[in-house]
Amino acid sequence: MLNVLAWPVFASPADAAGVPLIDLVRDLAQVGVLLLMFVAGLETDLVMMRHVGKVAFWSAFGGVVLPMVFGAMTAVAFGLPLYWEGIFIGAILTATSVSISAQTLLEIGALRTREGSTILGAAVIDDVMGIIVLSLVVALAKASGAGLDPSTSLGASWRELGIVVARVTLFFVAAIAARHLLSPALRWASTLGVSQAVLSAGLVIMFLYAWAAEYVGAVAAITGSYLAGVLIAQTEFKKEIDAGIHPLTYSIFVPLFFISIGLEANGRELGPRAMFTVVLVLVAIVAKAVGCGIFARLFGFSTTESVRVGIGMISRGEVGLIVAGYGLANGLIGSDVFSASVLMVLVTTMVTPPLMRLVFPRHAFVPATVEETIAGPPEEGEARA
């Protein structure tokens, strides 16, 4: 926040080795990004994803496709190239922050309703779809840097694209196949008799997956760390790692990540991009709400329920910041677009709770406790707590 206007007084001095301190913040922030996505993977409930039904899946699908398309169209309308800046702006808009919506639903007693369950399920599925979209965009953008011309239909460019697709496929197949080795590795670590051995082994696995994603699969490192979290969550050591990773993540590295985002953002650059920023924020809100709401309506929800689902999916939160930060660090978007994206994330995160309180009448629902939320909805015929 201090450097939001990029004032010279906040210019970063060098340390004793002559390395700018901002570089140290960036490096530690990258660790924070990997840990944040690892935690997101640990909290991804595949069982819930299989049981939330087609409404949640298709709501998430609409919440990815419409923001992606309209985000790219907005970029092109303001003179930005479709490849790859426009497409990446669309990828930024696909994100959804489940934590903001979940907390608001809990506070207004709507977490256990049809709409509440659908929002939570759709938000998780939305994140998975968003990671897939990000991986494809990053892989194709890297191929473009190696000679892939989107307008070319033959020749070496397509051979390069084929290599990238093969690398992506190889990574995902190998990473998922290696899940059978995770439990034995963590079990072996638990027998070492040293402090936090299982947590340390989990971190090693996360970093290996992140490295393999970047250098083997040609996708973002955060894809690897997220996948590692999802796979470790299926082992018997999930709770132990989950309990240890949160203090490490949220006490040091995630705050540094948010500090790094603030240091990279430059409010002065929004001047020439003021109209673009306003339109981007509006597109982010409307495209997500309409995309999720329309598909919820098509697959069985009433108009009122569909509006509630759409509103509950608006918030972008930390996932949008992670994607935007990756795009800036890898030259896929400029600093002006990055600053506009940060503002978009802030606005969508702030408007979601009041909008949800507006469309969800409190008196219509029975409040749910945190324990009920974790346990899941009661079975058919079972009394509500």
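Visitor: Which helices each supply at least two residues of the lining of the second largest pocket?

Guide: In this predicted model, helix 5 (98–107), helix 11 (238–264), helix 14 (317–329) and helix 15 (335–359) each supply at least two residues of that lining, and helix 15 gives the most, with six residues. The second largest pocket holds about 410 Å³ of space. Of the 21 residues that line the second largest pocket, I261, G262, V342, L343 and L346 are the closest to its centre.

Visitor: What makes a residue of that lining nonpolar, polar or charged, and how many fall in each class?

Guide: The class follows from the residue type, with Gly counted among the polar ones, and by that assignment the lining of the second largest pocket has 12 nonpolar, eight polar and one charged residues.

Visitor: Why is T352 called buried?

Guide: Buried means under 20% relative accessible area, and T352 has a relative accessible area of 0%, so T352 is buried. T352 has its place in helix 15, and, leaving aside residues up to four places away in sequence, T352 touches S101, I311, G312, I314 and S315.

Visitor: What makes the approach of T352 to S315 and to T348 a polar contact in each case?

Guide: The distance limit for a pair of N or O atoms is 3.5 Å. A polar atom of the T352 side chain lies 3.1 Å from the backbone nitrogen of S315, and the side chain of T352 reaches the backbone oxygen of T348 at 2.6 Å, so both distances are within the limit of 3.5 Å.

Visitor: Why is helix 13 described as largely enclosed by the rest of the structure?

Guide: Helix 13 (residues 303–312) has 10 residues, and seven of them are buried, so the helix is largely enclosed by the rest of the structure. The buried residues are E305, S306, R308, V309, G310, I311 and G312, and I311 and G312 are also among the residues that T352 touches.

Visitor: Is I245 buried or exposed, and what does I245 touch?

Guide: I245, which lies in helix 11, counts as buried because its relative accessibility is 0%, set against the cut-off of under 20%. Not counting residues up to four places away in sequence, I245 touches L35, F38, V39, L42, L199 and L203. I245 and L35 are 210 residues apart in sequence, while their C-alpha atoms are 8.0 Å apart in space.

Visitor: What share of the contacts in the protein joins residues 24 or more positions apart?

Guide: Among contacts with a separation of 6 or more, residues 24 or more positions apart account for 80%. The protein has 16 helices and zero strands, and of its 385 residues, 49% count as buried.

Visitor: What makes an empty space a cavity, and how many cavities of 30 Å³ or more are there?

Guide: A cavity is a space where a 1.4 Å probe fits but cannot get out, and by this rule the count comes to two cavities of 30 Å³ or more. The largest cavity has a volume of about 90 Å³, and the residues that line it include M37, A91, D127, I131 and V319. Helix 6 (114–145) and helix 14 each supply at least two residues of this lining, the largest share, four residues, coming from helix 6. By class, the lining of the largest cavity has nine nonpolar, two polar and one charged residues.

Visitor: Which residues line the second largest cavity?

Guide: The second largest cavity, with a volume of about 40 Å³, is lined by M37, A40, D127, I131, Y226 and V319. Helix 1 (21–42) and helix 6 are the elements that give two or more residues to this lining, which divides into five nonpolar, no polar and one charged.

Visitor: How do you know that the length of helix 3 agrees with its number of residues?

Guide: Helix 3 (residues 54–77) has 24 residues, which at 1.5 Å a residue should span 34 Å, and because its end C-alpha atoms are 34 Å apart, the two values agree. Just after helix 3, G79 takes a positive phi of about 85°.

Visitor: Where is Q196, and what is its phi?

Guide: Q196 has its place in the loop between helix 8 (179–190) and helix 9 (197–215), and Q196 has a positive phi of about 55° although it is not a glycine.

How values were computed. Residues are numbered from 1 along each chain as its sequence is written. This is a predicted model: local features need pLDDT of at least 70, side-chain atom pairs count only at pLDDT 80 or more; totals for chains, interfaces and linings use all residues. Side-chain values use heavy atoms; hydrogens and water are left out. On a 1 Å grid over the protein atoms alone, a cavity is a set of points where a 1.4 Å probe fits but cannot get out, and a pocket is an open set with protein on both sides within 12 Å along at least five of seven lines; lining residues have an atom within 4 Å of a point. Grid points are joined across faces, edges and corners, and a volume is the space filled by probe spheres set on the points. The expected span of a helix is 1.5 Å times one less than its number of residues. Buried means under 20% relative accessible area, exposed over 50%, partly exposed in between (1.4 Å probe, protein chains only). A polar contact is a pair of N or O atoms within 3.5 Å; within protein, one must be able to donate a hydrogen and the other to accept it, and residues adjacent in sequence count only if both atoms are side-chain atoms. Contact means heavy atoms within 4.5 Å.
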